[in-house]
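User: Could you take me through one part of this model closely, starting with a buried side chain and working outwards from there? I'd like to know what sits around it.

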Amino acid sequence: MLIFPNRYRRFALDDVVLEVNGLSKHFEGLVALNALSFNINKGQIVSLIGPNGAGKTTFFNLVTGLIKPTEGNVKFMGRPVTRTRGRVRWLPPFIITAVLTIIGTAVALACLGGTWYTCTLGSVAVAIAFTVVGYLRLPPTSLRPDQVAALGISRTFQTIHLFNQMSVLDNILVGRYTQTRSGFFDSIFSTPRKKREEREGFQEAKQLLDFVGLKVGFLENAASLSYGDQRRLEIARALAAKPTFILLDEPAAGMNPIETIHLMELIHNIHDLGITVLLIEHDMKVVMGISDHVVVLDHGEKIAEGSPAEVRNNPRVIEAYLGAAN
Ligand SMILES: Nc1ncnc2c1ncn2[C@@H]1O[C@H](COP(=O)(O)OP(=O)(O)OP(=O)(O)O)[C@@H](O)[C@H]1O
Ligand SMILES: [Mg+2]
């Protein structure tokens, strides 16, 4: 049985898991995303929809640390995932500078007997050095993708990104990277920890293959799987990181109607594990059938959000995306 860690423990039922605030991304002159703001609550299945080029995948890339935002920020369970440099980031080092300068001058005058201006110059130099170090030590503007994964966010890609020359098993084990502690030393000396983690990885990979409904050999090459199976393997790899929040970029693309129904069941099962789901999807049957909440983008702007019924009947959404037939 698959067991997922309960990272939500400190959250009440309706708490916000993902907080997006004024998020923008410009590629040279092109505004791919413009001041996007919305929240996702714990345990929701949320769909992000919109016409081609609306900025949906760009949003996934921002949240998972593949690209950095031009402006705005994203918080996951209260922790910043992306953050643009603002004046506030300079403030703590400057306050420390001022305090250090005053203390340094006082100490130098009292204990060392120097003249007040040589002491001040010395302590200003120390304080400036402290400011620079303080600034350099501040967190980067975006977490790296592996740091995002360690926070409990996993994703799949619009175009399948498997390690094609690796086996099904190895593809899943790569996904477990954030769950293992063995390092170089453990591998060289094949320590008990390494052996235990290998055993656990093997067991869990088997469970994950069952869970996503993949009936293929462990040692088959990922590239030799059918398209639908490759999509499932990508989902299994994403789940191997034991996420709290999973982002699926057009998982039903290229699937036939039967495969799509099975995929919807799988998304429900993922949700039942306690994982919050954000889905990009063009298939409106999937979106309307599965979502608790829908966010609609057009040309990088949010044009609507609400329940599937509200969004389906929104005149702006009909005009920009759904068309009158829906
Ligand atoms: N790395 C990049 N460099 C330059 N432009 C980019 C880059 N990535 C995306 N874009 C542009 O940003 C816009 C939004 O692209 P994005 O891939 O986010 O759209 P999308 O909503 O996912 O579309 P689709 O439904 O076709 O997948 C598009 O105009 C795209 O050409
Ligand atoms: Mg896309």
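Analyst: Happy to! A polar contact is a pair of N or O atoms within 3.5 Å; within protein, one must be able to donate a hydrogen and the other to accept it, and sequence neighbours count only if both atoms are side-chain atoms. One such pair links the side chain of Thr-64 to the backbone oxygen of Phe-60, at 2.7 Å.

This is a predicted model, where local features need pLDDT of at least 70 and side-chain atom pairs 80 or more, while totals for chains, interfaces and linings use all residues. Residues are numbered from 1 along each chain, chains are lettered from A and ligands numbered from 1 in the order written, and side-chain values use heavy atoms, without hydrogens or water.

Thr-64 sits in the loop between helix H1 and strand S4 (71–76); helices (H or I, at least four residues) and strands (E, at least two) are DSSP runs numbered from the N terminus. With a relative accessible area of 7%, Thr-64 is buried (under 20%; exposed is over 50%, partly exposed in between, 1.4 Å probe, protein chains only). Leaving out residues up to four places away in sequence, Thr-64 touches Pro-145, Val-148, Ile-153, Arg-155 and Leu-247 (heavy atoms within 4.5 Å).

Let's move on from Thr-64 to ligand 1. Its shell holds 14 residues, and Gly-53, Lys-56, Thr-57, Thr-58 and Gln-158 are the closest (a heavy atom within 4 Å). Polar atoms meet ligand oxygens in several places. Gly-53 brings a backbone N or O atom to 2.8 Å from an oxygen of ligand 1, and a side-chain N or O atom of Asn-52 comes to 2.9 Å from an oxygen of ligand 1. Lys-56 contributes a polar side-chain atom, 2.8 Å from an oxygen of ligand 1. On its own ligand 1 exposes 640 Å², and the protein buries 62% of that (Shrake-Rupley areas, 1.4 Å probe; for residues, only the protein chains shown count as cover).

Which elements give two or more residues to the shell around ligand 1? They are strand S2 (30–41) and helix H1 (56–63). H1 gives the most, with three residues. So the loop that holds Thr-64 starts from H1, and Thr-64 there is buried, at 7% relative accessible area.
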